[in-house]
Amino acid sequence: MTPDGAIKVFSELRDLQIFDCEDQLCGICDEVEFEGEPSQPLKVAALLVGPGAYRGRLPGVVFWLVRRVAGDRITRVPWSAVEHVTSRISLNVRAEDLGLGREDRRLRPLIEKVPFA
Amino acid sequence: MAGLIEIVLGIMTAVGGFVDVSELTFAAQAGSRFGYSLLWVFALATVGIIVFGEMSGRVAAIAKQPVFCLMRQRLGVSLGLFTLIASIVVSLITCAAEIGGVAIVLKLMAGGAYLIWAALSVAALIVIVWVLPFEWIERLFGLLGLLMLAFAAATVALHPPWREVARGLVPQFPMHLPGGDRLAYGYFAVAITSAVLFPYETYFYSSGAIEDRWTPSKLPVNRLTTGVGFSLGSLLSMGILISAAVLFRPVHVDPREPATVALQVAVPFGRPGLLIALFGMLMAFSGAAVETCLAAAYSLAQFFGWPWGRYRKPAETPRFTLAWIAGFVIALALVLTNVPPLDLVEWSIVFSIVVLPLTYLPLLLIANDRKYMGRYVNGWVANGLGVAFYAIVVVAAVGAIPLYILTSGGQK
């Protein structure tokens, strides 16, 4: 992969919607984790999802505020779980197997108590 | 046949849902103060909302991207987050203005206290949005909002001087007016542009297209809904301006209150006309309150990648559901502070236009990206119009706050 290609992969993965194998929206790719050694090819290791991944993407004060409001949790989606990338990222596993969408699963029982939910 | 019914329903819904409390009050005030001379601004802004509405529907159908995902991708997280917060603030202020409008209409129809009607209407809207799926919500308020056509009928019945009306469609700037009035004219021009191009309309329309699972086969529906539906809706707004110029301008009445605007229908059609106008306003403002609140929740969910949508049951989208309920509660809290609803209308108008450039830029960029859009990428007409209207929106955004301050919200 040429350096141009690698940079393109990075810029085109970040901020894409992630859908699991059941076509459920389960997050946005907030950051990309790479692995590799100097003089070795750089590889995408994982996609990072969650407010903690904004560190480095937001000004310090703004990140501090975001962390106060939303926490700094990060969910790591291994690159091997990615089925394909188009205008969105499709996974080959279920969201809950990776720990994505945890908040919704926690809130669902509360909502379900209301009629017509 | 089913396709034709869908197109007709889509157009009718777009017409019925076009006018909200901001357009109603600003159109009436503009007509009363400047006669027909601001009609051209309505016509111009309508072309703008058609261009960007069509673009947002096309992007939703082809790239399957709602507006706030695009915003994050194209503006980055920092600027995207700023736009998100500003858009949510504007949507909630607008929602509060619409709730205020609903409460005023209910008070006019049934008496009672304004604040109690505001609380009851929010409770009713929460139940409606909780129980009904997206399509029904859209159709319910859009179709009943067609009662607002009483205003168009009233315009015809008032026999305006059509030649003068036609002259109002020619772009102009009244240099003959004193300096203060010229500034107020500029303020109303910016406010009308903002009211027609409200950002929540694009968020809601594009999110609706994704909820409806649009594919390329829906592009003709998209074109007709935006082209015909928005044009007819805008004609209705222009009718309100024309009637105000006929009725209120000669007697120097300032129709800031929705109740005064309703008189436009009462004069030619009497009590039945007044009731139809009030019921139409009730449905139009309620529909706009729902749209603004859902637009705020859509924005939040799309930016952070939460499951969202009103085609799904509330339990399937817990964070999105809590977001729109919280939106209604915050908007109601704003109304309960007893801020005059017309102040809320003015704030929403001024701040909306400031947010618009950040909303439309990512849309314009992605609609031009062949990698996402393939053969449905912007043609030269859409691009030319898109860039031209983007420039207009930027100029209006720069001028909005100074004009608001200099004219005290158009009152000087």
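Two strands count as paired if DSSP finds at least two bridges between them. Keep that in mind for the first exercise, and remember throughout that this is a predicted model.

**Exercise 1. Work out how the strands of the open sheet in chain A are ordered, and which of them are edge strands.**

Start with the order: the open sheet has 3 strands, arranged 3-4-5, and their pairing is antiparallel. Next, take the pairs in turn. Strand 3 and strand 4 of chain A are joined by 5 bridges and run antiparallel. In this pair, A:Glu35 sits opposite A:Lys43 of strand 4. Strand 4 (residues 43-49) is also linked to strand 5 of chain A, here by 4 bridges, and again the two run antiparallel. Two places show how strand 5 lines up: A:Ala46 faces A:Pro78, and A:Leu47 faces A:Val77.

Now for the edges. Strand 3 (31-35) and strand 5 (75-78) each pair on one side only, which makes them the edge strands. What links such strands in general? Strands of a sheet pair through backbone hydrogen bonds, in a parallel or an antiparallel way.

**Exercise 2. Decide whether A:Thr75 is buried or exposed, and find what it touches.**

First, place the residue: A:Thr75 belongs to strand 5 of chain A. Second, count its surroundings. The cut-off for buried is 20 or more other C-beta atoms within 10 Å. A:Thr75 has 20 C-beta neighbours inside 10 Å, so it counts as buried. Third, look past its neighbours within four places in sequence: the contacts are then A:Val49, A:Gly50, A:Leu98, A:Gly99 and A:Leu100. As a last check on distance, try A:Leu110. It is 35 residues from A:Thr75 in sequence, and the two C-alpha atoms are 24 Å apart.

**Exercise 3. Do the same for B:Ala118: which element holds it, and is it buried or exposed?**

Switch to chain B, where B:Ala118 lies in helix 5 (residues 114-131). It has 25 C-beta neighbours inside 10 Å, and therefore counts as buried. If you set aside neighbours within four places in sequence, B:Ala118 is in contact with B:Ile99, B:Gly100, B:Ala103, B:Leu332, B:Val335 and B:Leu336. For B:Tyr311, 193 residues away along the chain, the C-alpha separation from B:Ala118 is 27 Å.

**Exercise 4. Describe the side of chain B that touches chain A.**

Begin with the count: 21 residues of chain B are in contact with 22 residues of chain A. Then ask which helices of chain B take part. Helix 4 (67-110), helix 5 and helix 13 (318-336) each supply at least two residues. Helix 4 gives the largest share, with 5 residues. Finally, sort the residues on this side of chain B: 12 are nonpolar, 5 polar and 4 charged.

**Exercise 5. Set helix 12 and helix 16 of chain B against the span expected at 1.5 Å a residue.**

Take helix 12 (residues 258-304) first. It has 47 residues, yet its end C-alpha atoms are only 38 Å apart, short of the 69 Å a straight helix would reach. Now look along helix 12 for a bend: there is a kink of about 145 degrees at B:Phe269, shortly before B:Pro272. Helix 12 is also mostly covered, with 36 of its 47 residues buried. After its end comes B:Gly305, with a positive phi near 75 degrees.

Helix 16 is up next. Its 27 residues reach 39 Å from first C-alpha to last, close to the expected 39 Å. Helix 16 has a kink too, of about 40 degrees at B:Ala400, shortly before B:Pro402. Among its buried residues are B:Gly386, B:Phe389 and B:Val393, and the cover includes helix 3 (39-62), helix 9 (179-196) and helix 14 (341-367) of chain B.

**Exercise 6. Locate B:His252 and B:Ser408, and say why each counts as exposed.**

B:His252 is in the loop between helix 11 (219-247) and helix 12 of chain B. Its phi is positive, near 55 degrees, though it isn't a glycine. It counts as exposed because it has 8 C-beta neighbours inside 10 Å.

B:Ser408 lies in the segment after helix 16 (380-406) of chain B. It isn't a glycine either, and its phi is positive at about 50 degrees. With 11 C-beta neighbours inside 10 Å, B:Ser408 counts as exposed.

Key: Residues numbered from 1 in each chain as written. Chains lettered and ligands numbered in written order. Predicted model: local features only at pLDDT ≥ 70, side-chain atom pairs only at ≥ 80, totals over all residues. Expected span 1.5 Å × (residues − 1). Bend = angle between axes of the 7 residues up to and from the residue. Buried ≥ 20, exposed ≤ 12 C-beta atoms within 10 Å, placed from the backbone. Contact = placed C-beta atoms within 7 Å. Nonpolar A, V, L, I, M, F, W, Y, C, P; charged D, E, K, R; others polar.
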